[in-house]
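Here's a walk through some side-chain details of this structure. Take a look at the sequence and the fold, then read on.

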Amino acid sequence: MNFNLKYQGPMDPYSPEWQLEAARIGPSTNPKADQLKEFNLDANWGAPYVEIGFLGTRELETFPKPAMDELRRLSKLTGVKPSVHGPLEDPAGIDKQGTQNEYIRKGVVNSFAHTVDVAFKTGGEKTPVVLHASNALPGKIYTKNNTE
């Protein structure tokens, strides 16, 4: 790989192998509901793309393998292409208090790897996966009278 070229990322029009068109973003399933039922409902409405959402590790870990297989069959039957939204966790292992914990980081990395595995099992190769780069880092809070 040549690092002297311009930056190539998912929003760069010069990198078609990583590009995701805006039209490829579809409705998201309810992470707290039955993912298979939600996917089927969106497919019945005619959505060409549906995002399977897992906002927490618990939802991701309790997603059964038969449901993954059924989602894959349903997407082939209907032509609806799935994408997967991973858990909202900080990959650096930063907890809610703002401290870094290596044990938490390793757990998040495993959770993200499982998310990619679920994406492959439900949609096959090149299934888009959404993972957030940061979730626990505190930022500045701006108010009307705050000048910080």
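## Around Ser134

Ser134 comes out as partly exposed, its relative accessible area being 35%. Bear in mind that this is a predicted model, so every value here is computed from predicted coordinates. You'll find Ser134 in the segment after E3.

What does Ser134 touch, once residues up to four places away in sequence are set aside? The contacts are Asp90 and Pro91. Ile94 is also worth a look: 40 residues separate Ser134 from Ile94 in sequence, yet their C-alpha atoms are 8.9 Å apart in space.

## A nonpolar patch on the surface

The segment after strand E3 (129–130) also holds Leu131. With a relative accessible area of 35%, Leu131 is partly exposed.

Leu131 doesn't sit on the surface alone: together with Val116 and Val129 it makes up a nonpolar patch. Between them, the three residues have about 200 Å² of accessible area.

## Rings

How many aromatic pairs turn up in a search of the whole structure? Just one. The partners are Phe54 and Phe63, with ring centres 5.1 Å apart and planes at 65°. Edge-to-face takes an angle over 60 degrees, and that's why the 65° between Phe54 and Phe63 earns the pair that label.

Are the two partners buried or exposed? Phe54 is buried, at a relative accessible area of 1%. Phe63 counts as buried too, with 9% relative accessibility, because the cut-off for buried is under 20%.

Another ring has a charge for company. The charged end of Arg72 sits over the ring of Phe120, at 5.9 Å from the ring centre.

## Salt bridges

Side chains of opposite charge can pair when their charged atoms come close. There are five salt bridges in this structure, and here are some of them.

Start with Lys32 and Glu59, whose side chains meet at 2.7 Å, N to O. Lys32 is in the segment before helix H1 (35–44), while Glu59 belongs to helix H2 (residues 57–61), so this bridge ties together parts that are 27 residues apart in sequence. The two ends have their own surroundings: Lys32 is exposed, with a relative accessible area of 69%, whereas Glu59 is buried, at 16%.

## Bridges along helices

Next up are two bridges that each stay within one helix. In helix H3 (residues 65–78), Glu70 and Arg73 are three residues apart, so about one helical turn separates them. Their side chains form a salt bridge, at 2.8 Å from N to O. Glu70 is partly exposed, with 31% relative accessible area.

Helix H4 (residues 102–123) has a bridge of its own. Which residues does it join? The side chains of Glu102 and Arg105 meet there, with an N to O distance of 2.6 Å. These two lie three residues apart in H4, about one turn of the helix. Glu102 counts as partly exposed at 36% relative accessibility, and Arg105 is partly exposed as well, with a relative accessible area of 26%.

Note on methods. Residues are numbered from 1 along each chain as its sequence is written. This is a predicted model: local features need pLDDT of at least 70, side-chain atom pairs count only at pLDDT 80 or more; totals for chains, interfaces and linings use all residues. Side-chain values use heavy atoms; hydrogens and water are left out. Patches are made of residues with over 30% relative accessible area and no salt bridge: like charges are joined within 9 Å, nonpolar side chains (Val, Leu, Ile, Met, Phe, Trp, Tyr) within 5 Å. Accessible areas come from the Shrake-Rupley method with a 1.4 Å probe; for residues, only the protein chains shown count as cover. A salt bridge is a side-chain nitrogen of Lys or Arg within 4 Å of a carboxyl oxygen of Asp or Glu. Helices (H or I, at least four residues) and strands (E, at least two) are DSSP runs, numbered from the N terminus. Buried means under 20% relative accessible area, exposed over 50%, partly exposed in between (1.4 Å probe, protein chains only). Rings of Phe, Tyr and Trp (its six-membered ring) pair if their centres lie within 6.5 Å; planes under 30 degrees apart count as stacked, over 60 as edge-to-face and the rest as tilted. A charge sits over a ring if NZ of Lys or CZ of Arg is within 6 Å of the ring centre and within 35 degrees of the ring normal. Contact means heavy atoms within 4.5 Å.
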